[in-house]
Amino acid sequence: MTHSIKAIRGMNDILPNESYLWVHFEQIIHQWLASYGYRNIRTPLVEQTDLFVRSIGEVTDIVEKEMYTFIDHLNNDSLTLRPEGTASCVRAAIEHNLLYAGPQRLYYAGPMFRHERPQKGRYRQFHQVGVEALGYAGPDIDAELIIMCSRLWELLGISGLRLEMSTLGDSESRTRHRARLIKYFESHHDKLDEDSLRRLHTNPLRILDSKNPQMQGIIENAPRLIDDLDEESCFHFESLQHILRGQGIVFEINLRLVRGLDYYNRTVFEWVTDKLGAQGTVCAGGRYDGLVEQIGGKSAPACGFAMGIERLLALMQGNGKEIMQPVPDIYIVHQGEQAMDYAWKCAEFLRYEGLNVILHCGGGGFKSQMKKADATGARYALIIGDDEVSAQEVTLKPLRQPTEQARVKLATVAELVDK
Ligand code: ATP
Ligand code: MG
């Protein structure tokens with residue numbers, strides 16, 4: 001016997017007993033986004049590696065060690081499985097001149113790929129829903145994005161999420177801050193770990209994101225971004241807070257919020273839970289006014305966020321409100337050639353009437369067919385034998401209530417089953 005082939009570590013099969021939750025989630029998502037006027041965009045899973053290097057930033061965890069990058073040997077192109085969706089979305093908007101028609105409210109959903117250590121809430125193929133508002137400069141759109149998140153938590157029945165926000169300022173304030181950070185960390189050179197030493201002169205802001213416990217002391221005392229912020233960014237941040245307060249959105253300002261991607265400026269935010277251990281961030285985003293130009297488009301402001309579907313589903317499952325797996329309305333059992341002929345017709349008729357119908361396939365006696373009907377969880381069995389065919393009727397048997405079975409006309413079934 002040859003050994004069997006398994007799925008790749010950190011990449012999950014989502015089986016039917018779980019996938020119905022995904023379908024349920026996706027239906028809510030599409031309705032929710034439509035209700036705010038966002039339109040779906042679908043881009044390829046594979047892009048030129050350069051797109052992500054340029055947008056996410058060369059000295060970030062994602063680009064340094066998490067990307068699935070490979071050479072397309074047919075033409076020697078370096079390609080990468082997308083680790084996130086914003087870069088592809090912006091690339092597509094530029095390539096197809098979407099912004100010529102004015103600002104765009106867009107969203108995408110699908111798998112992303114990062115080579116991380118797999119653990120609960122962290123996978124190598126994971127799924128995101130991402131929302132991008134391209135061409136909007138003001139704090140009103142930042143507020144809209146946050147308000148719509150809050151609405152979604154309500155629709156999904158998730159509670160207890162904390163909103164943390166910060167502002168990173170404009171590129172000049174970041175340059176100023178960067179210089180002060182380098183000076184500060186240089187003066188504590190002996191206390192830096194290997195990662196931080198490497199980043200000291202390339203991307204010192206990333207040092208603040210270090211998870212190394214030994215680094216927390218000197219990170220705690222590092223110069224604060226707030227002291228380097230430009231006036232306009234402060235005003236933008238104030239206005240955002242004003243709108244959120246007006247809409248009753250509760251938030252915490254966390255000036256230590258550092259995002260894992262370099263393209264952010266001004267507003268950044270995260271929705272965090274205490275219920276998922278270390279993988280507590282379920283949604284993260286912010287403003288990225290420089291990205292469109294950086295990828296080769298005409299300069300345009302933008303703002304967006306992405307959320308992790310696996311983490312949100314874990315929260316939905318943990319909130320006590322069980323989402324039932326959908327069951328078929330009717331399972332049709334039949335025996336004999338004429339009965340089968342009639343059964344095909346009945347099945348199509350009832351589906352046309354809006355019912356979910358399984359037609360028994362594979363033969364067998366009534367008893368074994370009834371067992372299969374029961375195992376599907378169907379609410380009713382529809383029994384068709386020679387008697388039923390000659391009377392042009394069907395026998396409807398409730399499977400989940402003690403009511404007796406009854407001979408009825410096919411045309412009355414949909415009403416009796418009462419979906
Ligand atoms: P983390 O700090 O947890 O690594 P991140 O800052 O790398 O997250 P983003 O790139 O901002 O995450 O992605 C947005 C969201 O996507 C995260 O908040 C999280 O919910 C989800 N996410 C990111 N990486 C993974 C992963 N490897 N597995 C599952 N979900 C993920
Ligand atoms: Mg990460």
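Which residues of helix 2 are buried? The legends below take up this question first and then turn to other sites.

**Figure 1. The buried residues of helix 2 in the predicted model.** Thr49, Leu51, Phe52, Ser55 and Ile56 are buried in helix 2, where buried means under 20% relative accessible area, exposed means over 50%, and partly exposed lies in between (1.4 Å probe, protein chains only). Seen down the axis of helix 2, these buried residues fall within an arc of 160 degrees, so they line one face of the helix; the arc is that of the directions from the helix axis to the C-beta atoms. They pack against strand 2 (46-48), strand 3 (69-72) and strand 4 (77-81), and also against helix 3 (61-66), helix 4 (86-95) and helix 10 (291-294). Helices (H or I, at least four residues) and strands (E, at least two) are DSSP runs, numbered from the N terminus. Gly57 follows helix 2 and has a positive phi, near 110 degrees.

This is a predicted model, in which local features need pLDDT of at least 70, side-chain atom pairs count only at pLDDT 80 or more, and totals for chains, interfaces and linings use all residues. Residues are numbered from 1 along each chain as its sequence is written, chains are lettered from A and ligands numbered from 1 in the order in which they are written, and side-chain values use heavy atoms, with hydrogens and water left out.

**Figure 2. Surroundings of Ser55 in helix 2.** Helix 2 spans residues 49-56 and includes Ser55. With a relative accessibility of 1%, Ser55 counts as buried. Leaving aside residues up to four places away in sequence, Ser55 touches Ala87, Tyr263, Leu291, Gln294 and Ile295; contact means heavy atoms within 4.5 Å.

**Figure 3. Surroundings of Cys303 in strand 11.** Strand 11 covers residues 302-308, and Cys303 lies in it. The relative accessibility of Cys303 is 0%, and this residue counts as buried. Apart from residues up to four places away in sequence, Cys303 touches Val131, Glu132, Ala133, Ile141, Asp142, Leu145, Gly286, Arg287 and Tyr288. Tyr136 is 167 residues from Cys303 along the chain, and the C-alpha atoms of the two are separated by 7.4 Å.

**Figure 4. The two sides of helix 13.** Within helix 13 (residues 366-375), Gln369, Met370 and Ala373 are buried. Viewed down the axis of helix 13, the buried residues fall within an arc of 100 degrees, so they line one face of the helix. Lys367, Lys371 and Ala375 are exposed and sit on the face turned away from the buried side. The cover over the buried residues of helix 13 includes strand 12 (330-334), strand 14 (380-384) and strand 15 (394-398). Just after helix 13 comes Gly377, with a positive phi of about 85 degrees.

**Figure 5. Asn76 and Asn97, two loop residues with positive phi.** Most residues other than glycine have a negative phi. Asn76, which is not a glycine, has a positive phi of about 65 degrees. The loop between strand 3 and strand 4 holds Asn76, which is exposed, with a relative accessible area of 59%. For Asn97, phi is near 50 degrees, again a positive value in a residue other than glycine. Asn97 lies in the loop between helix 4 and strand 5 (104-113) and is partly exposed, its relative accessible area being 40%.

**Figure 6. Asp195 in helix 7.** Helix 7 is formed by residues 194-199, and Asp195 is among them. The relative accessible area of Asp195 is 32%, and the residue is partly exposed. Asp195 and Leu257 lie 62 residues apart in sequence and 19 Å apart in space, C-alpha to C-alpha.

**Figure 7. The protein chain behind the close-up views.** The protein chain contains 15 helices and 16 strands. Its radius of gyration, taken over C-alpha atoms, is 28 Å, well over the 22 Å that the globule rule (2.2 Å times the number of residues to the power 0.38) gives for 419 residues, so the chain is more spread out than a compact globule. Along the principal axes, the C-alpha atoms fill a box of roughly 95 × 60 × 45 Å. Of the 419 residues, 51% count as buried. Among contacts in the protein chain with a separation of 6 or more, 70% come from residues 24 or more positions apart.
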